[in-house]
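Got the viewer open? Let's take a short walk, one selection at a time.

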Amino acid sequence: MSESSDVRDVAIIGSGPAGLTAAIYTARASLEPLVIEGEPSSTGDQPGGQLMLTTEVENFPGFPDGIMGPELMMNCRAQAERFGADLRTEKVTKVDLSARPFSIWVGDPDAAEPTYQAKAVIISTGAKALMLDLPNEQRLIGRGVSTCATCDGFFFRDADIAIVGGGDSAMEEANFLTKFAKSVTVVHRREELRASQIMQDRAMANPKIKFLWNTVVTDVLGDDSMTGLAVENVQTGEKSELDITGLFIAIGHRPNTDLFKGQLEMKDNGYLITAPHGTQTNVEGVFACGDVQDETYRQAITAAGSGCAAALDAERWLEA
Ligand code: NAP
């Protein structure tokens with residue numbers, strides 16, 4: 001690619017709430033952003049991000065009656081396009097952030113020439129909730145299976161539900177879920193929790209929370225929606241079925257940062273490091289927003305907010 005031919009001002013990698021908000025802002029600033037939105041894959045990649053895997057979103061401000069996750073993302077996408085964002089349903093296979101303009105490959109990563117070049121790059125590749133890889137898990141997501149208690153707990157009023165995991169997230173979410181559910185069974189593969197003592201104590205003191213130790217989930221049961229959970233005791237080998245209608249999976253998240261290893265500073269757990277109170281990474285002109293750099297809040301609205309910040313940071317950096 002000759003540099004003069006097609007060097008974009010801004011390329012945005014990823015198209016969840018963070019990436020599409022960055023696209024709306026940079027498009028309105030007449031930067032004609034290129035948005036490489038990803039491609040669906042069997043490993044959980046999803047243009048539009050994690051909201052494409054949820055049903056109703058009731059806590060995104062501006063929608064008093066709620067909105068379906070996919071519809072919200074399609075609206076954001078249309079809003080970005082309306083202002084001139086150039087969206088490509090492609091998957092980035094390689095980046096080179098060591099020289100300017102920055103280079104991005106889709107398709108063959110060994111191709112001599114990059115597919116795109118850009119003066120500034122905004123990374124919004126998100127994170128994936130780790131899953132259990134059960135036979136019917138993906139099919140019943142949004143129909144009883146959830147990876148987000150804050151998002152979906154409300155739908156389990158007076159239900160008997162379970163949560164799998166023994167870390168702080170599982171304890172925090174189990175406590176949160178007791179606001180709605182009749183009972184919450186924590187299914188944990190060992191007989192010791194990984195969670196901090198204070199979170200353990202709080203969960204153990206909650207009369208609505210029960211613990212099922214040394215137990216793994218082997219499948220989610222149900223046709224149109226979840227009707228039960230198949231479990232197995234790892235010590236005795238005993239198999240049983242739990243009569244529950246909701247399963248929350250809280251076994252951790254993994255940020256989608258493999259592409260940037262060795263090029264951008266990241267924490268030991270893979271989350272990108274950004275400047276305090278900003279979205280700048282350690283490479284000038286490269287910004288990160290949304291779940292790829294946020295292991296704390298992980299909400300659509302916080303991702304969208306940081307996408308706006310990344311767009312403003314990129315715009316100011318390009319002007320300077
Ligand atoms: P985590 O600490 O990595 O815990 C994951 C849990 O899931 C562990 O108990 C693990 O079991 C279990 N697990 C992992 N893979 C599994 C599998 N395939 N099948 C069954 N169980 C599986 O993750 P997290 O709870 O999301 O926390 C992530 C980080 O955020 C931690 O540093 C945590 O302290 C922090 N955090 C803090 C707060 C807070 O302070 N308010 C709230 C949430 C998260 P094992 O224990 O057997 O490995």
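**Stop one: the ligand**

Select the ligand and the 15 residues around it (near means a heavy atom within 4 Å); Asp-168, Ser-169, Glu-172, Arg-190 and Arg-194 come nearest. Before going on: this is a predicted model, with local features needing pLDDT of at least 70 and side-chain atom pairs pLDDT 80 or more, while totals for chains, interfaces and linings use all residues. Residues are numbered from 1 along each chain as its sequence is written, and side-chain values use heavy atoms, leaving out hydrogens and water.

Now look at oxygen atoms of the ligand for polar contacts (N or O pairs within 3.5 Å). A polar side-chain atom of Asp-168 sits 2.6 Å from one, and one of Arg-190 lies at 2.8 Å. From Gly-167, a backbone N or O atom is 3.3 Å from a ligand oxygen.

**Stop two: the sheet**

Next, pick the open sheet of 5 strands, ordered S10-S17-S11-S12-S13 with parallel pairing (strands are DSSP E runs of at least two residues, paired by at least two bridges). S10 (145–146) and S13 (209–212) are the edges with a single partner strand each, so one side of each lacks a neighbour in the sheet.

Zoom to S11 (160–164) and S17 (246–249), joined by 4 bridges; Val-164 has Ile-249 as its bridge partner in S17. Helix H4 (168–177) packs on the sheet, touching S11, S12, S13 and S17 (contact is heavy atoms within 4.5 Å).

**Stop three: H4 and H5**

Finally, add H5 (197–204): what does the contact with H4 consist of? Its residues divide into 3 nonpolar, 2 polar and 3 charged.

Terms used
Axes fitted to C-alpha atoms, helices over the stretch in contact; angles between N-to-C directions. Nonpolar A, V, L, I, M, F, W, Y, C, P; charged D, E, K, R; others polar. Polar contact = N/O pair within 3.5 Å; in protein donor to acceptor, adjacent residues only side chain to side chain.
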